[in-house]
Amino acid sequence: MPKVAISIKIKQSVADRANRICEYCRSPEQFSSSKFSVEHIVPVHLSGTNELDNLAFACQGCNNIKFIKTTGIDPETKAIVSLFHPRQHIWTTHFAWDDSILKVLGLTPIGRATIDAINLNRTEVCNLRSLLFLIGEHPPKP
């Protein structure tokens, strides 16, 4: 079955819905060196669709690392759990900022597995958060 492209209108809707912030690591697109992507939360090859409820706005780092993953291992319980699903889950239920406000903490098995699977605290993202904090742009507004 040929891949159907996501329309510009849908891409714009996804970006606007996310306030142009990565729905995983919470980085803002305006401070990125590359355009963000509209990614399939459930990959097309696993029957994911181009419908709005299966699309998320993601930075290139999160999109590339997540790729086709839908599950991860909770490092605390070692259980296989679903990754964070931006259309079904609330970010603040599964994640919080640490005391430095530079690293994401997992509050739930889903949060911990997602941090681990997508590497939400990769060095370059933490460096960006540090700089954004200095200019009052981090943490992002809910």
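A salt bridge here is a side-chain nitrogen of Lys or Arg within 4 Å of a carboxyl oxygen of Asp or Glu. R87 and E23 fit that description, with their side chains meeting at 2.5 Å, N to O. R87 sits in the loop between β4 (80–82) and α3 (91–94) while E23 sits in the loop between α1 (8–17) and β1, so this pair ties together parts that are 64 residues apart in sequence. Keep in mind that you're looking at a predicted model. Below is a quick tour of its salt bridges, one strand residue, a helix, some aromatic rings and a patch on the surface.

**Salt bridges**

- There are six salt bridges in the structure. As general background, side chains of opposite charge can pair when their charged atoms come close.
- Back to the pair from the opening: E23 counts as buried, because its relative accessibility is 8% and the cut-off is under 20%. R87 is partly exposed, with a relative accessible area of 25%.
- R20 and E29 make another of these bridges, at 2.9 Å from N to O. E29 is buried, at a relative accessible area of 12%, whereas R20 counts as partly exposed at 31%.
- K66 is bridged to E39, and their closest N and O atoms are 3.3 Å apart. This one also links distant parts of the chain: K66 belongs to helix α2 (residues 60–66) and E39 to strand β1, 27 residues apart.
- How buried or exposed are K66 and E39? K66 counts as buried at 2% relative accessibility, and E39 counts as buried at 2% too.
- D74, E76 and R112 go beyond a simple pair, as salt bridges link them in a network.

**S37 in strand β1**

- S37 has its place in strand β1, which covers residues 37–40.
- S37 is buried, with a relative accessible area of 15%.
- Its side chain reaches the side chain of N63 in a polar contact of 3.4 Å.
- What else does S37 touch, leaving aside its neighbours within four places in sequence? The contacts of S37 are A56, F57, A58, Q60 and N63.

**Helix α4 and what surrounds it**

- Helix α4 runs over residues 109–118, and eight of its 10 residues are buried, so the rest of the structure largely encloses it.
- Those buried residues are I110, G111, R112, A113, T114, I115, A117 and I118. You've met R112 already, in the salt-bridge network with D74 and E76.
- What do the buried residues of α4 pack against? Their partners are α2, β3 (71–73), β4, α3, β5 (95–97) and β6 (104–106).
- Right after α4 comes N119, whose phi is positive, near 60°.

**Aromatic rings**

- Searching the whole structure turns up five aromatic pairs.
- One of them is F36 with F57: the ring centres are 5.4 Å apart and the planes sit at 45°, so the pair is tilted. F36 is in the loop between α1 and β1 and F57 is in strand β2 (residues 55–58), so to speak two distant parts of the chain, 21 residues apart, linked by one pair.
- F36 and F57 are both buried. F57 is also among the residues in contact with S37.
- W91 and F95 pair up as well, with ring centres 5.1 Å apart and planes at 35°, so they too make a tilted pair.
- W91 is buried at a relative accessible area of 11%, and F95 is buried at 1%.
- Which aromatic residues form one cluster? Y24, F84, W91, F95 and W97 do.

**A nonpolar patch on the surface**

- L131, F133, L134 and I135 make a nonpolar surface patch of about 450 Å².
- L134, one of the patch residues, is found in helix α5, residues 123–134.
- Is L134 buried or exposed? L134 is exposed, because its relative accessible area of 67% is over the 50% cut-off.

Terms used
Residues numbered from 1 in each chain as written. Predicted model: local features only at pLDDT ≥ 70, side-chain atom pairs only at ≥ 80, totals over all residues. Heavy atoms only, no water. Helix = DSSP H or I, 4+ residues; strand = E, 2+ residues; numbered from the N terminus. Buried < 20%, exposed > 50% of the residue type's maximum accessible area, 1.4 Å probe, protein only. Polar contact = N/O pair within 3.5 Å; in protein donor to acceptor, adjacent residues only side chain to side chain. Contact = heavy atoms within 4.5 Å. Patch = residues over 30% accessible without salt bridge, like charges linked within 9 Å, V, L, I, M, F, W, Y side chains within 5 Å. Areas by Shrake-Rupley, 256 points an atom, 1.4 Å probe, with all protein chains shown as cover. Phe/Tyr/Trp six-rings, centres within 6.5 Å; stacked < 30°, edge-to-face > 60°.
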